[in-house]
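Student: Could you take one part of this model and go through it slowly with me? I would like to see how a single pairing of side chains fits into its surroundings.

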Amino acid sequence: MDHSYMDSSSNATCTHAMTWNWNTIGTCFLAESWRVENEGTFAASCIGVFLLVICLELLRRVGKEYDSFILRQFQQHVAAQARAAKIDESCCSDTPAAGPQIVTFRATPVQQLIRSIIHAFAFGLAYILMLIAMAFNGYIIISIIIGAGVGKFLTDWMIAKVVVGGENQSSKGATSLEEPSVCCG
């Protein structure tokens, strides 16, 4: 199915192919205003989409880094409180030392707002890229795939802490790997 739109100002046809295609000139993406009129415009569109995907991967990384940052802040705060409590009950206490304790972290409203804004931008960008991909243009889809690979390579180096030695300390120090999304954001 081919949907065409004729712009009266420039007499150029905007073609929206609803099947897989390799069209370059006359193709429109997202809106009639993004009409490809020559090879240079099409190359710029492919490069722009490539960079948008890298920006998406960067936004996902920013979200993960911000989550790690606020968690580290909380861990430092709890550690400082624990040190202060140990100093207070230092030498003359007859009570045995307490075992491990679990402290629950909940983001403040401002932290949660920042997390939500980062997520909303990433989610919105992912949807814009999905709509661009729905032009079913092979060159654009290849640009998206290559951009995702380059973006992942540049922004998301895997770093994990692994506990070696000790007796069954796997639950204490090892961290699990987290995937930021299953699908689009």
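Student: In helix H1, how far apart are glutamate 65 and arginine 61, counted in residues and in helical turns?

Tutor: Please keep in mind from the start that this is a predicted model, and that every value below is computed from it. Glutamate 65 and arginine 61 stand four residues apart in helix H1, and that spacing amounts to about one helical turn. Side chains of opposite charge can pair when their charged atoms come close. Here the side chains of glutamate 65 and arginine 61 do meet in a salt bridge, with 2.8 Å from N to O, and this lies inside the limit of 4 Å that is used to call such a pair a salt bridge. Glutamate 65 has a relative accessibility of 35%, so it counts as partly exposed, since that class covers what lies between under 20% for buried and over 50% for exposed.

The pairing is also part of a wider arrangement, because Arg61, Lys64, Glu65, Lys152 and Asp156 are linked in a network of salt bridges. Within that network, lysine 152 forms a salt bridge with aspartate 156, and their closest N and O atoms are 2.6 Å apart. The two partners are covered to unlike degrees: lysine 152 is partly exposed at a relative accessible area of 34%, whereas aspartate 156, at 17%, counts as buried.

Another salt bridge starts from helix H1 and reaches a separate helix. The side chains of aspartate 67 and arginine 115 meet at 2.6 Å, again taken from N to O. This pair links distant parts of the chain, as aspartate 67 belongs to helix H1 and arginine 115 to helix H2, with their positions 48 residues apart. Aspartate 67 is partly exposed, with a relative accessible area of 29%, and arginine 115 is partly exposed as well, with 31%. Over the whole structure the count comes to seven salt bridges, among them the ones we have just followed.

Helix H2 offers two further residues to look at. Histidine 119 lies in this helix and is partly exposed, with a relative accessibility of 43%. Its C-alpha atom is separated by 9.5 Å from that of valine 62, although the two residues are 57 residues apart along the chain. Leucine 131 is also placed in helix H2, which covers residues 109-133, and at 45% relative accessibility it counts as partly exposed. Leucine 131 belongs to a nonpolar patch on the surface, formed together with Leu30, Phe123, Tyr127, Ile128, Met130 and Met134, and these residues have about 620 Å² of accessible area together.

Charge is not what brings the next residues into the picture, for they are grouped by their rings. The structure holds nine aromatic pairs. One of them joins tryptophan 22 and tyrosine 139 edge-to-face, with 4.9 Å from centre to centre and 75° between the planes. This pair, too, links distant parts of the chain: tryptophan 22 sits in the loop between strand S2 (13-17) and helix H1 (39-88), tyrosine 139 sits in helix H3 (residues 138-155), and they are 117 residues apart. Tryptophan 22 is partly exposed at 44% relative accessible area, and tyrosine 139 is partly exposed at 36%. Both belong to one aromatic cluster, which is made up of Trp20, Trp22, Phe29, Trp34, Phe42 and Tyr139.

Tyrosine 139 also leads us to serine 143, which is found in helix H3. The side chain of serine 143 reaches the backbone oxygen of tyrosine 139 at 2.9 Å. With a relative accessible area of 10%, serine 143 is buried, and, leaving aside residues up to four places away in sequence, it touches Cys46, Val49 and Phe50.

To place these details in the whole chain, we can step back to its overall plan. The chain has four helices and two strands, and from the N terminus on its elements run β-β-α-α-α-α. Of its 185 residues, 23% are buried, and its accessible surface comes to about 13300 Å², of which carbon and sulfur atoms account for 63%. Among contacts between residues at least 6 apart in sequence, 61% join residues at least 24 apart. The salt bridge we began with joins residues four apart in helix H1, while the bridge from aspartate 67 to arginine 115 spans 48 residues.

Technical notes: Residues are numbered from 1 along each chain as its sequence is written. This is a predicted model: local features need pLDDT of at least 70, side-chain atom pairs count only at pLDDT 80 or more; totals for chains, interfaces and linings use all residues. Side-chain values use heavy atoms; hydrogens and water are left out. Patches are made of residues with over 30% relative accessible area and no salt bridge: like charges are joined within 9 Å, nonpolar side chains (Val, Leu, Ile, Met, Phe, Trp, Tyr) within 5 Å. Accessible areas come from the Shrake-Rupley method with a 1.4 Å probe; for residues, only the protein chains shown count as cover. Buried means under 20% relative accessible area, exposed over 50%, partly exposed in between (1.4 Å probe, protein chains only). Rings of Phe, Tyr and Trp (its six-membered ring) pair if their centres lie within 6.5 Å; planes under 30 degrees apart count as stacked, over 60 as edge-to-face and the rest as tilted. A polar contact is a pair of N or O atoms within 3.5 Å; within protein, one must be able to donate a hydrogen and the other to accept it, and residues adjacent in sequence count only if both atoms are side-chain atoms. Contact means heavy atoms within 4.5 Å.
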